[in-house]
Amino acid sequence: MDSLLAEIFQQSGGELRTRSRWTSGLGGEGIISASGRRLQAGEKDPAARWFGVKAHVSTPVNLQADLEMHLSPEGYVGLSRINDGQVNACGLFQARPGNRPESKNEWLRGQPGSLLRERLGVAQFEPDSFCSVAGIQLKPQRASTQEECRIGDALTMTPPVTGNGMSMAFESAEAAIEPLAAYSRGQLDWNEARRQIAYRCDAAFSRRLAWARMLQWMIFTQAIHDGLKKLLLRSDWMWKLMFAQTR
């Protein structure tokens, strides 16, 4: 998809510079940060510090759906079918003291006795496919409070459990088109263009980010009785509600 977007951008008259890194800061006129998740420290609460791990499984995996979501006290792992019969395993985990398995493989395989362990217990991971990230900030950010003009994950991340991050990236880019076009034609100054982009992003995402944070909290909070939590997480009504509210 990166290659396709780059090709369309260039065909539309855009100038794409490769094998280079932007070093001039993000606060200047006409500059939009759209470079993905910001590197930053996690939230102060240790229970809210997250890191992600993903890898491809080359051996057959008996999935019951195109996408499976497996929950545990430490995080969650999504399994999805990809090309050539492989499965992509992608997990988000809490970085808490004392819950450190021996390897990334063990994080993705799940707890002994779990359905996830049944799926991936003897699976072979592609060594070159492993990728991990830390310093993930899931606290919703408002565009109107940012000093720079930001879109996509550079602005804010939605909890991955919603499955809506890529959509939000494209939606925020779409929200920026009209103000940027007006700025490029001299019809708006940069401050007004940036203000309009921020307003559109906040109007589009504030509600769904609040619901997404509630869903993330509900999955992992100890405040909800285990029996009630299991009932909620197995409720089609609850998932349909959360799906609707996070889009």
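**Exercise 1. Which residues does S129 touch, not counting residues up to four places away in sequence?**

Solution. The model is predicted, and the exercise begins by placing the residue, which sits in the loop between helix 3 and strand 6 (131-136). The next step is its accessibility: because the relative accessibility of S129 is 13%, and buried means under 20%, S129 counts as buried. A polar atom of the S129 side chain then proves to lie 2.7 Å from the backbone oxygen of E126. Finally, with residues up to four places away in sequence set aside, S129 touches K54, A55 and H56.

**Exercise 2. Describe the fold of the chain, its extent and the confidence of the prediction.**

Solution. Begin with the elements, of which the chain has seven helices and seven strands, following the pattern α-β-β-β-β-β-α-α-β-β-α-α-α-α when read along the sequence. Then consider extent: taken along the principal axes, the C-alpha atoms fill a box of roughly 65 × 40 × 35 Å, and 35% of the 247 residues count as buried. Among contacts between residues at least 6 apart in sequence, 64% join residues at least 24 apart. As for confidence, the chain has a mean pLDDT of 85, with 91% of its residues at 70 or more. Confidence is highest in helix 4 (residues 165-184), at a mean of 95, and lowest in helix 6 (residues 226-233), at 73. Where pLDDT is low, the predicted coordinates should not be read in detail.

**Exercise 3. Determine which elements build the largest nonpolar core, and follow the contacts of L79 and F125.**

Solution. The largest nonpolar core has 17 residues, and those with the most contacts inside it are V57, L79, F93, L108, L120 and F125. Two or more residues are given to this core by each of strand 2 (50-57), strand 4 (75-81), strand 5 (87-94), helix 2 (104-109) and helix 3 (115-120); the largest share, four residues, comes from strand 2. A second, separate core has 14 residues, including I136, L138, L215 and M242.

Now take two members of the largest core in turn. Beyond four places in sequence, L79 touches a set of residues including L63, L67, V87, A89, L116 and L120. F125 belongs to the loop between helix 3 and strand 6, and counts as buried because its relative accessibility is 9%. Among the residues that F125 touches beyond four places in sequence are V57, A89, L108, L120 and F130. By contrast with these contacts, F125 and G186 are 61 residues apart in sequence and 53 Å apart in space, C-alpha to C-alpha.

**Exercise 4. Test whether the length of helix 5 agrees with the expected span, and examine its start and its bend.**

Solution. Helix 5 covers residues 190-220, and at 1.5 Å a residue its 31 residues should span 45 Å; the end C-alpha atoms are 42 Å apart, so the two values agree. The helix bends by about 40° at F205. At its start, a side-chain oxygen of D189 comes to within 3.3 Å of the backbone nitrogen of N191.

**Exercise 5. Compare three loop residues, R19, Q111 and T162, by accessibility and surroundings.**

Solution. First, R19 lies in the loop between helix 1 (2-11) and strand 1 (32-33), and counts as exposed because its relative accessibility is 88%. Its backbone also deserves attention: R19 has a positive phi of about 55° although it is not a glycine. Most residues other than glycine have a negative phi.

Second, Q111 is in the loop between helix 2 and helix 3, where its relative accessible area of 35% makes it partly exposed. Q111 and S72, although 39 residues apart in sequence, are 7.7 Å apart in space, C-alpha to C-alpha. With residues up to four places away left aside, Q111 touches S72, P73, E74 and R117.

Third, T162 occupies the loop between strand 7 (149-150) and helix 4, and is buried, with a relative accessible area of 5%. The side chains of T162 and T158 are joined by a polar contact of 3.3 Å, and the T162 side chain also reaches the backbone oxygen of P159 at 2.9 Å. Beyond four places in sequence, T162 touches A212, L215, T246 and R247, and L215 is included in the second core of 14 residues.

Key:
Residues numbered from 1 in each chain as written. Predicted model: local features only at pLDDT ≥ 70, side-chain atom pairs only at ≥ 80, totals over all residues. Heavy atoms only, no water. Core = buried A, V, L, I, M, F, W, Y, C linked by side-chain atoms within 4.5 Å. Buried < 20%, exposed > 50% of the residue type's maximum accessible area, 1.4 Å probe, protein only. Contact = heavy atoms within 4.5 Å. pLDDT = per-residue confidence, 0-100. Expected span 1.5 Å × (residues − 1). Bend = angle between axes of the 7 residues up to and from the residue. Polar contact = N/O pair within 3.5 Å; in protein donor to acceptor, adjacent residues only side chain to side chain.
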